[in-house]
Every structure is written in structure tokens, then in C-alpha cells.
Amino acid sequence: MFTPTVPTDTDIRIRTATPEDGDALVELISLVDLQLRAEEVPGALAPMRYALTASDDGPLSHRRNHFLIAENSEGVPVGAISCGSAKWMSDPNRSPKLMRRRLVERISTVHGLAVVPAYRNRGIARTLLQHAEETFRDAGYTVLTLRHDRSLTKFYGQLGYISHNRLSLKLPTGDLLSIADRGWKHAFKVLSPTVSITTIQGWPTITGALTD
């Protein structure tokens, strides 16, 4: 399990989220522009709140999900990251059935990374993301992906993420799985030395992520 550590700003503590953090986590992730109407946000974040109720002794905090909270010296949550499998992994129109289990065991997605305005530019978002990467790497995951607003391309690029209009993945079968969402850019970071990046059809493509 994750061991709490302190980022650059020494009055900030990073810890694993608990079920009692449900309201705080939803409030924090709601700071992210989810490109939804305000009334749609609570429903969109309901699965995250539910996932908080499940935990085990594995490397991730909540089964196939991972939630971290950043709190100040008074114990007030000021940042959070929410990670787990992406919806496209179980979508029959996007991913082949035989690959779905391997996808959720090897690739995960950052659903939300947020810091309250008064605490931004202190390295908190960077620290939350780096801790998540370390946890997924230790758990045997090969790639961490995310969707982001185009204005954040430089930020994620500085953290080692490759951004493109499409998320492109070469399957062990040789087929190409390509995901695009209008209005978003997709980004990914390789967590394993067994994974390489190739260019296929002009897209940076993840290769070897699902290979045994």
C-alpha cells in the first residue's frame, strides 16, 4: 500500500483516500473541466465515490482504482488524483473482448487531477501524478494514460507524457486500437522498459504494453 510522503511544499502531505473522503474527492475532481453541464457532474463522478468503498491489500488503494489526497498542515484536502480503468476498455465498439482483462491489468487512466486554486504552482499536481505513476509501475502496469485540455499539453509534456489527438495502441494480435474523443487530447506515459513507441499511420503508438 501507499506510504504517505511529503512533496516539495513541506506543509503538504500525500495520503491514500478513504471512503470518508468521498465528498472532498468529488469536490476536488469537480474543479477539473470535465466538459459537462454542471448538473451532469455529480452523476459522472458517482462511480468514483462508489469505488472508494472498495479496498484490498493490493498495491492499488481500491482494487483496480487508485485515489490519493493532498492535504495541508491542518488536514484540509487541497488536491487529489483519481485513477482507474478507462470506459473504452470495456466498450465492445472500441476494444476486443479477448483483450479487456489484459487491458485493465496493464493500462490505467488518470480520470482527474486537481488542486484548489490557492495551492497551485507549488508542485502538488506533479507530486500526486508521480506517486500514482510509481504505484502503478510497482503493480506491474505498463502505461498510464489520461485525457486533457489542449492548454495542458506543455504541462504534461514536461512530465514525460506524449500527447496526441488519438490514443493509439498496437495489440498482440497486430491490430491497431485507436481512441479519439472530440475536444480532448490523449496523453500517455510508458512505465515499463518492455514498451516502445512507434509511429503508425502518423500516430505515436504504444507497442508491447500487453505482451506477456
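**A few notes on this predicted model**

1. A good place to start is Thr-145, which is buried, with a relative accessible area of 3%. The cut-off for calling a residue buried is under 20%. Please keep in mind as you read that this is a predicted model.

2. Where does Thr-145 sit? You will find Thr-145 in strand β5, which covers residues 143-148. Its side chain makes a polar contact with the side chain of Thr-109, at 2.8 Å.

3. Now look at what surrounds this threonine. Setting aside residues up to four places away in sequence, Thr-145 touches Ile-107, Ser-108, Thr-109 and Val-110, along with Leu-167, Ala-187 and Phe-188. Thr-109, then, appears both in this list of touching residues and as the partner in the polar contact.

4. Next, turn to the helices. Two packed helices are described by the angle between their axes and the distance between the axes. Here helix α1 (residues 22-29) packs with helix α2 (residues 41-51) at an angle of about 140°, and their axes are 10 Å apart. Angles over 145 degrees would count as roughly antiparallel, and α1 and α2 are therefore oblique to each other. The crossing of α1 past α2 is right-handed.

5. Which residues of α1 and α2 meet? On the α1 side they are Gly-22, Asp-23, Leu-25, Val-26 and Ile-29, and on the α2 side Leu-45, Met-48 and Arg-49. By character, the residues of this contact comprise five nonpolar, one polar and two charged.

6. Arg-49 deserves a look of its own. This arginine belongs to helix α2 and, at 36% relative accessibility, counts as partly exposed. Not counting residues up to four places away in sequence, Arg-49 touches Gly-22, Asp-23 and Val-26. Arg-49 and Val-26 are 23 residues apart in sequence, while their C-alpha atoms are 7.3 Å apart in space.

7. Finally, please visit Leu-176 in strand β8, which spans residues 176-180. Is Leu-176 buried or partly exposed? With a relative accessible area of 30%, Leu-176 is partly exposed.

8. Leu-176 also has contacts beyond its sequence neighbours. Leaving aside those within four places, Leu-176 is in contact with Ser-168, Leu-169 and Lys-170, and also with Ile-200, Gln-201, Trp-203 and Thr-205. For a distance to check in the viewer, take Leu-176 and Ile-206: they are 30 residues apart in sequence and 9.7 Å apart from C-alpha to C-alpha.

Conventions:
Residues numbered from 1 in each chain as written. Predicted model: local features only at pLDDT ≥ 70, side-chain atom pairs only at ≥ 80, totals over all residues. Heavy atoms only, no water. Axes fitted to C-alpha atoms, helices over the stretch in contact; angles between N-to-C directions. Helix = DSSP H or I, 4+ residues; strand = E, 2+ residues; numbered from the N terminus. Parallel < 35°, antiparallel > 145°, perpendicular 65-115°, else oblique. Left-handed = near helix turned anticlockwise from the far one by under 90°. Contact = heavy atoms within 4.5 Å. Nonpolar A, V, L, I, M, F, W, Y, C, P; charged D, E, K, R; others polar. Buried < 20%, exposed > 50% of the residue type's maximum accessible area, 1.4 Å probe, protein only. Polar contact = N/O pair within 3.5 Å; in protein donor to acceptor, adjacent residues only side chain to side chain.
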